[in-house]
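Welcome! Here are some short exercises on aromatic rings, each with a worked solution.

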Amino acid sequence: MDPDSIPPPNESLDRRLADPAGAPPPSQEPAGSPALNWLFVDLNSYFASVEQQDRPELRGKPVGVVPMLADTTCCIAASYEAKAFGVRTGTIVADAKRLCPDIILVEGRHELYVEYHHRVVEAVESCLPVTAVCSIDEMACRLMGRERPLLAAMELARKVKARIRERAGECLRSSVGLATNRYLAKVASDMEKPDGLVALPLDILPEALRRLTLRALPGIGARTEKRLNERGIHTMDELLALDCEQAGQLWGSVWGERLFHWLRGEDFEMSEHDHLKSISHQHVLAPDMRTKEKAWAVAHKLLHKAAMRLRSGGLWAGSIGLAVGFAVPRNENTPVSRFGVPSRGWHGEIKLSECQDNQTLIAALRKLWDSQPKGAEYAHPFFVGVQLGGLVPNRLHTLSLFDSLDSERSRARLLAAMDKLNQKYGLSTLAPATMLSAYKAAPTRIAFHSIPELF
């Protein structure tokens, strides 16, 4: 949180929010002290911190991690030294160089980040079990029994932070949040960065939440904040004043009702009927890849990766979407993409009978690809994105009228065998020949909500 945005100090609240120096051991904790249910770990500037840990010459210097060394791409991570100059995740490289002339740009090494992720998980597991890995740099742990009282939880959190630095490296700083539910524990972990420790027990929760902005809540980004503002919600006080029904109507989904209960400290997890709704991969093409033929190869590879994730999650796709951005000559009326490229965009989607096999998905992608607009303005693709939507889990999958159960099971076994080989020996072990030119063009990237296997 920006310190300038915090209201005048409330001394008693500040003592409760902060890590209490010299806290008594758990055995001396007063009876009836506030109890917590969740401990949330958030690694600070994770990709950049891993680079600084692995390369000592980068320590103490402004570092930006980029997908490729080109001014038109963007930073996927920035060290705190770079953030001091205004460089953030998503900052275009050309802008990052202007903001911080001494910034050191390094190309992302995603296999290394996965390796360090597992070290961090092992470090946390040495203190208490990890209940859920939420992303490459976040994990949540449920507190049990004697771990739940406030001072005991704070002591355990300090132990987790120390163990991460001991086993993963001194550059791996973390912010830890403690609260009665996982959502609020995540909120708490964001309140003090870097290297923070914040607890949100129920007795200080309303006052602590009122200190925050709407954007401080996970799930409220720029577009959601704008929509809330248009409906008269500008502050946390106004949001907290809504009742459960109003919150549901405001979001137009069950998410609003869940948020209402979470913000009041209620502890419940997602329903077993909740599952991933879409899977997507996207890639900004290097200048030498910006031809129709090579862009198609990259789209094909992105679909290959998405289909493997689909099957590993036991999901079936009900639609496929393709997005392509085309580079066009720069003029005053030309919109500029977030990658700094004057562009014209196009998107198409096809509904599918529930499927997860490569043959059906590739045929649909080919149909979408061939339906792109023609002409000079659509001759130079620089961005490709593929999305599988309308996902349903195995338990809700409807068998096609044209497939027998035996044939579907046989196809599933074949696909599982192919995926296993690709996961073990590399994504290109069993793949269509049309992907040959894309092997190095679209390497494995890490979405912050998932941890890919090391292909």
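Let us start with two tryptophans: Trp 296 and Trp 369 are both buried (under 20% relative accessible area; exposed is over 50%, partly exposed in between, with a 1.4 Å probe and protein chains only). The model is predicted, so local features need pLDDT of at least 70 and side-chain atom pairs pLDDT 80 or more, while totals for chains, interfaces and linings use all residues. Residues are numbered from 1 along each chain as its sequence is written, and side-chain values use heavy atoms, leaving out hydrogens and water.

**Exercise 1.** Find how many aromatic pairs there are, then describe the one formed by Tyr 183 and Trp 255.

*Solution.* Step one is the rule: rings of Phe, Tyr and Trp (its six-membered ring) pair if their centres lie within 6.5 Å; planes under 30 degrees apart are stacked, over 60 edge-to-face, the rest tilted. The count by this rule is seven aromatic pairs. In step two, Tyr 183 and Trp 255 turn out edge-to-face, with 6.2 Å between centres and 70 degrees between planes. Step three is accessibility: Tyr 183 is buried at 9%, whereas Trp 255 is partly exposed at 21%.

**Exercise 2.** Classify the pair of Trp 296 and Trp 369.

*Solution.* First, the centres are 5.6 Å apart and the planes 55 degrees, which makes the pair tilted. Next, look at Lys 292: it lies over the face of Trp 369, 5.9 Å from the ring centre (NZ of Lys or CZ of Arg must be within 6 Å of the centre and within 35 degrees of the ring normal).

**Exercise 3.** Which residues form one aromatic cluster with Phe 47?

*Solution.* Tyr 46 and Tyr 113 join Phe 47 in that cluster.
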